[in-house]
Protein chains: 2
Amino acid sequence: MKPDNKIKVLLTDDHKLIREGIEAMLSNTPDIEVIGSVGSGEDAVNYVREKRPDVVLMDIVMGGMSGIEATRWIKDLDPSIKILLVTMEISKEYVSAGIKSGVDGYLPKDIDKKMLVDAIKQVSRGERYFNEAIMKLVFEEFYTHEKLKSPINKLPNDLTKREFEILGLVASGKTNKELAEMLFISIKTVETHKTHILEKLNLKNTNELIKYAIKHKIISIDSL
Amino acid sequence: MKPDNKIKVLLTDDHKLIREGIEAMLSNTPDIEVIGSVGSGEDAVNYVREKRPDVVLMDIVMGGMSGIEATRWIKDLDPSIKILLVTMEISKEYVSAGIKSGVDGYLPKDIDKKMLVDAIKQVSRGERYFNEAIMKLVFEEFYTHEKLKSPINKLPNDLTKREFEILGLVASGKTNKELAEMLFISIKTVETHKTHILEKLNLKNTNELIKYAIKHKIISIDSL
DNA sequence: AAATATATCAGGGTATACCCCGAGGCCTCT
DNA sequence: AGAGGCCTCGGGGTATACCCTGATATATTT
């Protein structure tokens, strides 16, 4: 972008009043120019097909095509076009769906001029614009989602304390000898424990034990 | 929790020094009592089996079972026990894995006393403790993950076709003898291939080979 | 008091994995 | 024709894992 070129912005909102409000807000900024203003997602996509704005301010809730859907289309046409979603309230579904469709930022509708200008400049530079509230929301969703989808690991609870302890260490790659040394017991004892573990878990050897341990998340793949 | 009962805390870290440091930090707090201090994930799980702490402070990186895995096991035993992960540096993988395993909070190791006490009290009330940096990190991961789904699992190695074939079979649990029989080659040849594989992948033995294979999706966990 | 579970260890054995060395046949590329 | 990579195989060795049979001590349970 040449320094004398303003950032070309397209406004999309089915409320004319809001479009005009935003346009007024941006009217006196030196680096930003509103080059268009449309009232539907379809129009936004068509507009982008002909003229190429740098940034699209997109309302989420509109009659017809939603802002999310329009975003998908526009990003498919030209991923370099930056899209800022604008929304009344921050909702989980919209944030997640918006991210999936490839938006570059999220704005509340009650934004002030400075934030708006900052956001537009930021995404036009290729950065993203998400405020704390959004990130917190994403975190919450991520947290509950990740937690719920974690499978319940059946525990081989007929193992004794010592056996359990050894199970973890064997799975992490320790040899019998190493175990004997680090636990201050003889190799024979380690072998006995291991034999019992293999019996109880119905396994054949250390190799199967490792696979068992990974499958049942006794050790994690990340730690490998 | 009765008001006259202190919050019972278990410390888990394989560095005794750090355990003692944290214990000293918590020694003069009226509402918190350190009831135990162990040096491994296995010990933590076993300890929790007998005594029931309210909160477990858990190091992530430990010899043997990781703090993440220990968390999973403890949460499976008793989800009401709150777990705070403690880590040197904040890493994407750990945060994500930690959340999946059900942790209630995340602490950096260079925490001061006030933050530590706050975090413990907060999770013991059933709230979560994650700071801004963590949430931002999760957001970043969520964003890139949702946007770019690039599950290209390439194998950055110079294994030959034959070696690769054998890698898969070894990982699936075949012994050298079995391989020799099913491939109609001698055990010596199998050994040679395996030696080359171990060299090229910088591994030590079959155990590590299995872990490597699982990590790199050469064999799937489901097939175990 | 007796039975059971747990943790410890030993002898003596076999099977397997892993190591170091060398080597011949086959292919492709230069 | 030579060089190099790949696949094949061997001798001979050590280390480790695994198996079988027992044994002792301690603690818990019945």
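Helices here are runs of at least four residues assigned by DSSP and numbered from the N terminus. With that in hand, let's walk through this predicted model.

**Stop 1: helix α7 of chain B.** Select residues 161–171 of chain B, which form helix α7. Just after this helix, click on B:Gly173, whose phi is positive, near 115°. Now go back into the helix and colour its buried residues: B:Glu163, B:Ile166, B:Leu167, B:Gly168, B:Leu169, B:Val170 and B:Ala171. What do the buried residues of α7(B) pack against? Show α8 (176–183), α9 and α10 (206–215) of chain B, and then add α10 (206–215) of chain A; these are the packing partners.

**Stop 2: the surface near DNA strand D.** Next, select DNA strand D and the 15 residues around it. The nearest of them are B:Thr160, B:Arg162, B:Ser186, B:Lys188 and B:His193. By type, this surface has 9 polar, 5 charged and 1 nonpolar residues. Which helix gives the largest share? Highlight α9(B), which provides 4 residues. Then show α9 (187–201) of chain A as well, since this helix and α9 (187–201) of chain B each supply at least two residues.

**Stop 3: phosphate contacts.** Zoom in on the phosphate oxygens of strand D. B:Arg162 places a polar side-chain atom 2.7 Å from one, and B:His193 also has a polar side-chain atom 2.7 Å from a phosphate oxygen. At A:Thr206, look at the backbone instead: an N or O atom there lies 2.9 Å from a phosphate oxygen.

**Last stop: the DNA side.** Select the atoms of strand D within 4 Å of the protein: 59% belong to sugar or phosphate, and the rest to bases.

Notes:
Residues are numbered from 1 along each chain as its sequence is written. Chains are lettered from A and ligands numbered from 1 in the order in which they are written. This is a predicted model: local features need pLDDT of at least 70, side-chain atom pairs count only at pLDDT 80 or more; totals for chains, interfaces and linings use all residues. Side-chain values use heavy atoms; hydrogens and water are left out. A residue is near a molecule or strand if one of its heavy atoms lies within 4 Å of it. A polar contact is a pair of N or O atoms within 3.5 Å; within protein, one must be able to donate a hydrogen and the other to accept it, and residues adjacent in sequence count only if both atoms are side-chain atoms. Ala, Val, Leu, Ile, Met, Phe, Trp, Tyr, Cys and Pro count as nonpolar, Asp, Glu, Lys and Arg as charged, and the others, Gly among them, as polar. Buried means under 20% relative accessible area, exposed over 50%, partly exposed in between (1.4 Å probe, protein chains only). Contact means heavy atoms within 4.5 Å.
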